[in-house]
Amino acid sequence: MWLAKMSQESVQKNDLQSIQINCVVCDNNSYKPLFYIPPRTIVECSNCGHEYVNPMPHPKNIPECKFVIGEEESIGTQIDLVYLKKIFDRYNIQGGKLLDLGCGQGRLEKKLIEAGWAPQDLYLMDTSERNIAVVKDKYPLSNFIQGDAQEIIGVKGYFDCIVGVEFLEHLANPSTALKNASNALKQGGLLIMRGLPNNLSLEAFIGLEKWRMRQFEQHNHFFNNRTFSTFVQNFSGMNILEFGTFLQKGYRFYDIARVARNIGAIKESNDDQHITHDGKIVKSSELNELVLTKIRNTAGENCPLHIA
């Protein structure tokens, strides 16, 4: 087992304020406000159109993500793992040292180990001391790094594969994290970034400020194909092998409650009961019509969409 904890200088209280930042895609400092979702303002770069939080809160002021029991078996995790398996197979990744950036409480590692990945070759990194304590207990043979990928990741040229699932959007400065990841990869290593919120998706269009990805206080950046393609071109020495949206064959809206939450039709779910943003309780049998109403109110009454 390999365990490291990055040293952190003590931060004075008056240094924890939010700061104005330039666009991470084009470095422009001009923007227009899009949404105010207290305590955050989401803006759009006037030059390239990248959507991000500005002013950017200090990382110490951003609450930790909450994780639920059984997340390893969730539909979202299964889709992420199917995607990773396809990439591993396509590029003949059969072991070696793998780093999971922003590992949370280790929702990917159980299936990676079941698929044959040696526990001692898995490295789990997170800023949260609590999360690192959880994954140390779950995967005692693996390796752990408590630290911030925006500061330093580890030994140069050490990892065969680095994975960041639902990771970059949480960072104030994803540029430094990608540079550090590139530095930590072996020559010819594979860097996989997965699960970025797409602000040109149908869900973002319908949900507007209630789009679930914008509602997360931990989300600071909202890319799309164009802005992310431009963003990664800033990194020399990296060859982009693939970029795009991954959908399983026969993909459908597999979970109507998930769709309803993502577009802002409901705020949260508890078994068969779902709570809207104005506090109304609806049952699962009502969700289809609720989602359709939300879509039609956004796209117009003649919208031909239906949910089977």
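In the predicted model, Thr276 is located in the loop that connects strand 12 (273-275) with strand 13 (281-283). The relative accessible area of Thr276 is 8%, and the residue is therefore classed as buried, the cut-off for that class being under 20%. When residues up to four places away in sequence are set aside, the contacts of Thr276 are with Ala265, Ile266, Lys267, Val282 and Leu290. Of these partners, Val282 falls within the range of strand 13 (281-283).

The chain as a whole contains nine helices and 13 strands. Of its 308 residues, 42% are buried. Among contacts with a separation of 6 or more, 64% are made by residues 24 or more positions apart. The exposed surface of the chain amounts to about 16,900 Å², of which 49% is supplied by carbon and sulfur atoms.

With regard to the interior, the largest nonpolar core comprises 41 residues. Within this core, the residues with the most contacts are Leu99, Leu101, Ile153, Ile162, Phe167, Leu178 and Phe231. The element that gives the most to the core is helix 4 (residues 174-184), with four residues. A second core, separate from the largest one, consists of 22 residues, including Cys103, Val135, Phe144 and Leu190.

The surroundings of Phe231 link this residue to helix 4. Phe231 touches Pro174, Ser175 and Leu178, positions that fall in the range of helix 4 (residues 174-184). Leu178 is itself one of the residues with the most contacts inside the largest core. The other residues touched by Phe231 are Val24, Val25 and Phe223, again not counting residues up to four places away in sequence.

Attention then turns to the second largest pocket, for which a volume of about 340 Å³ is computed. Its lining is formed by 16 residues, and Lys85, Phe88, Lys111, Leu112 and Ala115 are those that lie nearest the centre. Two or more lining residues are given by helix 1 (75-90) and by helix 2 (109-114). Helix 1 provides the largest share, namely seven residues. Of the residues nearest the centre, Lys85 and Phe88 fall in the range of helix 1 (75-90), and Lys111 and Leu112 in that of helix 2 (109-114). By class, the lining of this pocket is made up of eight nonpolar, four polar and four charged residues.

Key. Residues are numbered from 1 along each chain as its sequence is written. This is a predicted model: local features need pLDDT of at least 70, side-chain atom pairs count only at pLDDT 80 or more; totals for chains, interfaces and linings use all residues. Side-chain values use heavy atoms; hydrogens and water are left out. On a 1 Å grid over the protein atoms alone, a cavity is a set of points where a 1.4 Å probe fits but cannot get out, and a pocket is an open set with protein on both sides within 12 Å along at least five of seven lines; lining residues have an atom within 4 Å of a point. Grid points are joined across faces, edges and corners, and a volume is the space filled by probe spheres set on the points. Ala, Val, Leu, Ile, Met, Phe, Trp, Tyr, Cys and Pro count as nonpolar, Asp, Glu, Lys and Arg as charged, and the others, Gly among them, as polar. A nonpolar core is a set of buried Ala, Val, Leu, Ile, Met, Phe, Trp, Tyr and Cys residues joined through side-chain atoms within 4.5 Å. Buried means under 20% relative accessible area, exposed over 50%, partly exposed in between (1.4 Å probe, protein chains only). Contact means heavy atoms within 4.5 Å. Accessible areas come from the Shrake-Rupley method with a 1.4 Å probe; for residues, only the protein chains shown count as cover.
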